[in-house]
Amino acid sequence: MFRSYSSLRILAVAALVAMPVVWAVPSARATEGPLAPVNLRCEYLHNPVGIDVRQPRFAWVDRHTERAQMQSAYQVLVATTPELLAQNKGDAWDSGKTASDDSTQVVYSGKALESDHSYWWKVRYWDKDGNASDYSHPASFDVALLARSEWKGQWIGGANLFRKEVTLNSKVVRARAYVAALGYYELRINGEKIGHNVLDPAWTTYSARVLYSTYDITSHLRAGKNAFGAMIGGGWALLGAGEVPAPYKQPALMLQVNIELADGKTVQVESDNSWKVTQGPIVSDSVWDGEVYDARRELPGWDSPGFDDSAWSAAEILEGSKGILSAQMMPPIRDVDTIIPVALTNPRPGVYVYDLGQNFSGWVDLHVSGPAGTQVQMRFSELLYDTGMINRENLRGAKSRDIYILRGEGEEHYHPRFTYHGFRYVEVTGYPGTPSLDSLHGHVVHTAVETTGSFVASKPLLNQIHKIIRWSDLTNMASVPTDCDQRNERQGWLGDSQTSAEGVMLNFDMAAFYTNFLRDMRDVQGPDGTLTDTVPHRYGSRPADPAWGTAFPLISWYLYQQNGDRRILEENYEGLKKYVEFLRTRAPDNVLRYSYYGDWVAVEKTPGELVSDFYYYYDALLLSKIAAVLGNSADAASYMQLATQIKDAFNHEFFNAKTGNYANGTQTANALPLFLDMVPPDRRGAVAANLNNDILYYHDTHVTTGFIGIRYLMPVLTQFHHSDLAYDLAVQTTFPSWGYMVAHGATTLWELWENKTGPSMNSHDHHMMGSVDAWFYEALGGINVDPDRPGYRHIRIEPQVTRDLTSVSATVGSVRGKVTSSWSHEPGVITLQVDVPVNATASVSVPEGDEMTDIAIHEGERSVWEKGHFVEGTPGVTAGKLDGKRVVFEVGSGHYAFRVTEE
Ligand code: BGC
């Protein structure tokens with residue numbers, strides 16, 4: 001028996017299926033004071049189906065109609081049925097009224113959660129005055145399989161179509177399917193695809209860990225005969241890439257279905273050799289090369305009951321992976337959007353070229369009718385030749401094409417299942433007749449993360465840059481953050497991900513995605529602490545270039561900063577320590593010199609040793625901070641001491657105190673030590689001046705950095721009061737600049753500052769130069785976490801009002817709720833509107849205009865600053881003080897509208 005049921009629970013579940021659930025709604029919903037929490041999440045996910053965490057964490061967003069409100073206590077109820085929850089009975093966990101201002105990272109502390117069970121939960125909170133909110137709407141989570149022994153399924157293979165029929169003797173009250181694959185799968189039941197995931201499960205280091213998805217299939221099953229079907233493809237399991245050969249010879253499926261029947265019985269269906277297999281219409285599939293699909297080989301009804309599978313063979317039991325099976329706890333890859341082509345040309349007889357108007361990751365959906373056996377080929381490219389033909393020179397070895405062979409009956413629709421392409425243009429050949437603009441549509445495919453941030457400026461170029469960065473970020477989320485989406489690469493290069501991660505987190509809800517990616521990093525970590533350049537490891541080396549391996553500490557730290565996530569630090573601490581200890585073995589004199597890529601794709605080269613050593617310092621510093629957060633004061637002190645030794649050795653090795661330059665004095669060489677405050681204090685000004693001069697006078701307001709340097713250059717300029725210069729770089733339109741890409745029609749960021757199109761390395765969809773988006777949010781928008789009070793417990797709002805910018809509006813969907821900073825500037829008047837979520841506080845740094853002398857500041861109708869002094873009495877605004885050409889107000893939660901004018 002894999003589990004036991006109480007008859008009570010079955011009755012309750014049966015009742016749930018039989019009638020629509022009426023959630024108990026409190027009679028009079030409060031409209032004032034503390035409002036019921038919203039945005040309930042469990043392990044960062046909305047109503048997750050399938051988590052394998054024994055003590056999941058809850059988060060919610062408090063709301064209130066008054067300013068300056070805090071949560072003083074919460075009560076979480078977790079119930080085993082929705083009915084019990086509706087009666088306010090937390091039979092699994094009732095936290096009681098718990099004095100705490102935590103509205104995120106709240107750890108489940110009830111009865112042991114059971115595998116393959118559903119739970120319902122809700123929360124209410126008390127504000128700082130002791131008033132309670134209503135309970136939130138209910139949310140739910142499903143626990144998947146907590147123990148490996150609960151999996152009865154085996155790894156099976158043998159062909160790419162699988163089926164099995166099962167007869168159920170009574171109605172189904174609850175059913176869950178747990179599905180893992182080495183490669184990709186599509187699960188089908190009774191003729192229908194289950195769920196909306198594509199290219200599932202996420203790519204992992206299969207030998208260490210395979211992820212499985214959980215589906216609620218209750219409504220897909222019925223009393224009587226049911227047919228289970230699966231299609232599988234090779235995905236990354238069959239792709240040899242870079243330095244690593246293909247891990248498997250054939251794709252494999254592992255499945256476990258647990259069904260509860262109305263008669264109280266349970267039925268399990270699992271992958272074993274009772275499944276039948278045959279080769280389906282997918283003739284070949286490869287992530288890089290595309291798919292060949294022969295519709296004549298379709299087997300109508302194969303995934304429905306009653307199909308005659310007597311000619312099919314028995315599935316083979318495979319060794320598969322001996323790795324851990326883990327629940328996939330992050331947004332899946334999905335087909336998230338449709339793109340209608342903008343142009344269709346016919347550059348040569350029989351050759352049709354579609355322009356989708358946007359470079360993206362995904363595939364096309366082809367509509368065609370014609371004789372059976374007609375082969376339509378679609379080839380994908382990011383670029384065109386002047387002749388109008390597609391230019392695929394930068395795809396290197398990737399064939400990137402799909403071939404559809406017609407069935408020959410009526411209108412046929414086809415899109416591939418087990419591949420994706422990075423493209424803007426599609427060349428169609430072999431089309432029977434003349435295709436129209438409507439004969440194909442683009443489908444955007446990537447990890448379906450939620451957009452939580454927004455950035456809009458009065459300067460259209462900045463909005464265009466922001467837009468192409470967002471496209472590059474999204475189209476490089478293929479369950480891991482990839483470098484590119486088109487050529488024979490698409491790897492989780494750590495250097496690329498560490499530079500853009502912070503900007504990505506400000507735009508999208510990334511917590512679950514990066515939590516998984518950090519686990520991927522742990523999976524590749526060697527016993528000696530080493531990491532690999534790509535994760536999972538295919539390309540590049542072990543040990544990773546230090547500017548790549550630093551993704552491990554940096555992304556851990558960003559997640560902690562953004563979400564207040566201590567558990568991520570706890571889970572990774574030993575690994576992080578091993579990593580830094582490995583670096584130490586390579587730096588006997590405290591200088592870490594080994595480097596492969598350094599400031600990659602730079603216009604002016606910086607010595608790789610300087611870049612590596614900078615990250616050695618950064619990693620030791622972060623480890624010390626992380627140890628302090630975790631209360632390990634001995635480690636905190638010893639790694640701080642190590643960091644200080646590294647800093648001294650770094651200055652000794654690379655700094656010329658006389659000239660005020662590091663190494664060869666490139667922008668990167670000087671920006672890096674300025675960013676981490678490594679420069680001897682008396683020479684800080686000199687180094688900053690050198691950096692400024694290099695940009696302004698030697699390079700006519702252009703960057704010369706690669707993608708490492710650019711991550712730090714912009715914030716350093718802002719830190720040293722040169723936001724105007726950073727802004728000039730941001731809106732530059734000649735080479736090298738982001739504006740140069742936009743001016744040349746880029747719809748995603750390029751890999752290189754140069755506009756190259758030949759056979760060399762020049763992807764037109766790389767995200768790492770997009771690190772400037774963090775600067776858009778943090779400097780221009782002005783939204784910053786306070787490093788000492790992470791998770792937006794305290795927020796620093798400090799927008800840079802500069803040059804011809806007349807307005808910026810930025811929003812971040814933080815763990816505590818929406819944070820907004822929206823300002824406008826016209827001569828003599830600056831306005832700044834701010835939203836601070838309940839249960840957070842903020843320091844709002846209101847700038848004066850350069851043209852202003854004596855200023856007055858109002859918030860709404862009330863004066864808050866007059867004749868150089870703070871004016872008390874405005875609700876929520878507790879203090880104000882002068883800070884150079886800015887006034888910093890301390891505020892509580894709520895919406896504020898500041899207005900600065902000449903006195
Ligand atoms: C990738 C980069 C990556 C680099 C390492 C390239 O092929 O596309 O973005 O970081 O290799 O040098």
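A cavity, on a 1 Å grid over the protein atoms alone, is a set of points where a 1.4 Å probe fits but cannot get out. I start with that because rolling a probe the size of a water molecule over the atoms shows where empty space is left.

**Ground rules**

This is a predicted model, where I take local features only at pLDDT of at least 70 and side-chain atom pairs only at pLDDT 80 or more, while totals for chains, interfaces and linings use all residues. Residues are numbered from 1 along each chain as its sequence is written, and side-chain values use heavy atoms, with hydrogens and water left out.

**Confidence**

I looked up pLDDT, the predictor's confidence in each residue, from 0 to 100. The chain averages 96, and 97% of its residues reach 70 or more. Residues 1–27 stay under 50, and the model gives them 35 contacts (heavy atoms within 4.5 Å) beyond four places in sequence. Where pLDDT is low, the predicted coordinates should not be read in detail.

**Cavities**

I found five cavities of 30 Å³ or more. Volumes here are the space filled by probe spheres set on the points, with grid points joined across faces, edges and corners. The largest cavity comes to about 70 Å³. Lining residues have an atom within 4 Å of a point; for this cavity they include D473, F513, Y514 and H767. Helices (H or I, at least four residues) and strands (E, at least two) are DSSP runs, numbered from the N terminus. On that basis, α4 (494–507) and α5 (511–524) each give two or more residues to the lining, and α4 has the largest share, with three.

**Pockets**

A pocket is an open set with protein on both sides within 12 Å along at least five of seven lines. The largest one has a volume of about 1600 Å³. I count 47 lining residues, with P715, T718, Q719, N784 and R796 nearest the centre. Helix α9 gives the most to this lining, six residues. For classes, Ala, Val, Leu, Ile, Met, Phe, Trp, Tyr, Cys and Pro are nonpolar, Asp, Glu, Lys and Arg are charged, and the others, Gly among them, are polar. That splits the lining of the largest pocket into 19 nonpolar, 11 polar and 17 charged residues.

The second largest pocket has a volume of about 610 Å³. Of its 26 lining residues, L45, M330, P331, P332 and R334 are closest to the centre. Here the lining divides into 14 nonpolar, nine polar and three charged, and β15 provides the largest share, four residues.

**Salt bridges**

I get 39 salt bridges (a side-chain nitrogen of Lys or Arg within 4 Å of a carboxyl oxygen of Asp or Glu) in the structure. I checked R567 with E43, at 3.6 Å, N to O. R567 sits in helix α8 (residues 566–585) and E43 in the loop between β1 (34–42) and β2 (49–51), 524 residues apart. Both are buried, meaning under 20% relative accessible area (exposed is over 50%, partly exposed in between; 1.4 Å probe, protein chains only).

Next I looked at D142 and R176, at 2.3 Å, N to O. D142 is in strand β9 (residues 139–143) and R176 in strand β12 (residues 172–182), so the pair ties together parts 34 residues apart in sequence. D142 is buried at 5% relative accessible area, and R176 is buried at 6%. Both belong to a salt-bridge network that also takes in D116, R174 and D216.

Last, R487 pairs with D483, with 3.9 Å between the closest N and O atoms. Both of these are buried.
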